[in-house]
Amino acid sequence: MNFPTTRLRRLRGNATIRKMISETDVKVDDLIMPYFVLPGENVKNPIHSMPGNYQRSIDLLVEEVKELVSLGVKSILLFGIPEQKDQTGEVAAHDDAIIPKAIRALKKEVEEVYIVADVCNCEYTTHGHCGTIVDKDVENDSTIETLAAQAIAFAKAGVDMVAPSDMMDGRVGRMRKAMDEAGYYKVPIMSYSAKYASAFYGPFREAAESAPQFGDRSTHQMNPENSDIALREADQDINEGADIVMVKPALSYLDIIRRIKDTFNIPIAAYHVSGEFSMVKAAAEKGWIDEERLVREILTSIKRAGADIIITYFAKDFARMVKK
Ligand code: PBG
């Protein structure tokens with residue numbers, strides 16, 4: 001039956017009926033807030049390209065995360081900046097490395113926090129690449145060994161979940177095996193499965209001090225022109241033992257989220273990355289957009305596309321917005 005019998009505007013008449021039939025609801029429980037941690041005490045360095053975000057020493061991170069959890073955001077994603085970098089990233093994989101230390105402090109001081117740790121080498125290598133360099137390229141098979149060692153060090157410190165972001169082949173399987181053998185079979189893996197070689201990571205590389213010193217990441221991160229390969233990446237990670245698959249960035253890749261959602265029966269995370277965050281902040285600073293409405297709309301669109309979990313630098317702001 002068509003117009004005038006059917007009038008689609010009838011169910012948009014007021015806020016109550018609009019809310020009653022809404023399909024998508026972003027909850028604070030769905031969000032993960034990323035943080036950058038570095039050595040020292042009482043350090044809080046602003047990240048200029050990401051207003052409101054900082055590199056923090058462990059003591060100040062603990063205070064910050066207490067506040068975050070009190071606002072209802074229980075889950076964080078940690079990135080570490082080490083005192084000294086090395087050629088392979090092995091500096092990240094010791095009991096006294098920055099992330100294991102931060103995990104232990106947070107677990108001791110903050111009740112209820114759920115800690116996800118990013119597993120990659122780019123923050124830890126002198127050259128800023130995600131692994132061991134052989135012939136000017138990141139060598140896959142030696143790199144997955146360093147990543148597995150990192151995952152074990154984080155698990156040993158008490159991490160709740162690990163999130164490999166390197167895009168090496170076979171890293172999920174290698175990490176699963178290593179963690180299982182070491183007795184950490186309960187620690188889930190959230191794999192950055194469909195991670196694209198993206199200009200949206202620009203501000204993050206300032207934050208994590210992880211810009212590659214030569215070349216780029218396009219021999220391992222995915223080509224933005226492609227979509228089919230995302231399904232193979234997700235399939236491979238699921239077969240190797242990933243518990244959650246991630247799509248990254250989020251907004252320019254909503255089609256990928258939806259394709260993975262329609263193909264696999266597994267929770268999906270989407271990473272609303274630094275560049276996506278900073279664009280909103282920059283436009284808001286200029287007074288060109290309504291930041292709060294835009295944040296709600298962006299997070300809603302990512303959920304509507306099929307994401308169960310959203311990693312976003314807006315997590316804390318969003319929690320404040322819904323409390324108001
Ligand atoms: C790699 C990593 C990156 C991001 C998360 N993990 C950067 C990269 O691949 O260069 C980007 C996150 C963001 O832009 O917010 N460890």
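The legends below describe several close-up views of a predicted model.

**View 1. The ligand and the residues around it.** In this predicted model, the shell around the ligand holds 18 residues, and K195, R205, K248, S274 and Y313 are the ones that come nearest. Sorted by class, the residues of this shell divide into 9 nonpolar, 3 polar and 6 charged. The side chain of R205 has an N or O atom that lies 2.7 Å from an oxygen atom of the ligand, and a polar side-chain atom of Q221 lies 2.8 Å from an oxygen atom of the ligand. The side chain of S165 approaches a nitrogen atom of the ligand, with an N or O atom at 3.1 Å. The ligand taken alone would expose 410 Å², and the protein buries 100% of that area.

**View 2. The largest cavity, where the ligand sits.** A search of the whole structure finds 2 cavities of 30 Å³ or more, and the largest cavity is the space taken by the ligand. About 160 Å³ of space lies in this largest cavity, which is lined by 20 residues, with C122, K195, Y201, F204 and K248 lying nearest its centre. Strand β9, residues 190-195, and helix α6, residues 202-207, each supply at least two residues of the lining. The lining of the largest cavity is made up of 10 nonpolar, 4 polar and 6 charged residues.

**View 3. The second largest cavity.** The second largest cavity holds about 30 Å³ of space, and its lining consists of M168, D169, G170, R171, V172, E233, Q236, D237 and E240. Two helices, α5 (171-181) and α7 (228-240), each supply at least two of these lining residues, and the largest share, 4 residues, comes from α7. When the lining of the second largest cavity is sorted by class, there are 2 nonpolar, 2 polar and 5 charged residues.

**View 4. The largest pocket.** About 350 Å³ of space lies in the largest pocket, and the residues that line this pocket are R18, K19, S22, E23, T24, D25, V26, R296, T300, R304, F318 and V322. Helices α1 (15-20), α10 (291-305) and α11 (315-323) each supply at least two residues of the lining, with α10 giving the most, namely 3 residues. By class, the lining of the largest pocket divides into 3 nonpolar, 3 polar and 6 charged residues.

**View 5. The second largest pocket.** The second largest pocket contains about 200 Å³ of space and is lined by 13 residues, of which P39, E83, D96, I98 and K101 lie nearest its centre. Helix α3, which covers residues 98-109, provides the largest share of this lining, with 3 residues. The lining of the second largest pocket divides into 8 nonpolar, 2 polar and 3 charged residues.

**View 6. The contacts made by the side chain of D160.** The residue D160 lies in the loop between helix α4 (140-157) and strand β8 (161-164). A polar contact of 2.6 Å joins the side chain of D160 to the side chain of K107. The side chain of D160 also reaches the backbone of I115, where the nitrogen atom is 2.7 Å away.

**View 7. Two cis peptide bonds and a positive phi angle.** The peptide bond that leads from F3 to P4 is cis, with omega near 10°, and P4 is placed in the segment before α1. Another cis peptide bond leads from K248 to P249, with omega near -10°, and P249 is found in the loop between strand β10 (244-248) and helix α8 (254-263). K248 therefore links two of these views, for K248 is listed among the residues that come nearest the ligand and also among those nearest the centre of the largest cavity. The residue D135 has a positive phi of about 50° although D135 is not a glycine, and the place of D135 is in the loop between strands β6 (133-134) and β7 (137-138).

Technical notes: Residues are numbered from 1 along each chain as its sequence is written. This is a predicted model: local features need pLDDT of at least 70, side-chain atom pairs count only at pLDDT 80 or more; totals for chains, interfaces and linings use all residues. Side-chain values use heavy atoms; hydrogens and water are left out. A residue is near a molecule or strand if one of its heavy atoms lies within 4 Å of it. A polar contact is a pair of N or O atoms within 3.5 Å; within protein, one must be able to donate a hydrogen and the other to accept it, and residues adjacent in sequence count only if both atoms are side-chain atoms. Accessible areas come from the Shrake-Rupley method with a 1.4 Å probe; for residues, only the protein chains shown count as cover. On a 1 Å grid over the protein atoms alone, a cavity is a set of points where a 1.4 Å probe fits but cannot get out, and a pocket is an open set with protein on both sides within 12 Å along at least five of seven lines; lining residues have an atom within 4 Å of a point. A molecule sits in a cavity or pocket if more than half of its atoms lie within 2 Å of its grid points. Ala, Val, Leu, Ile, Met, Phe, Trp, Tyr, Cys and Pro count as nonpolar, Asp, Glu, Lys and Arg as charged, and the others, Gly among them, as polar. Grid points are joined across faces, edges and corners, and a volume is the space filled by probe spheres set on the points.
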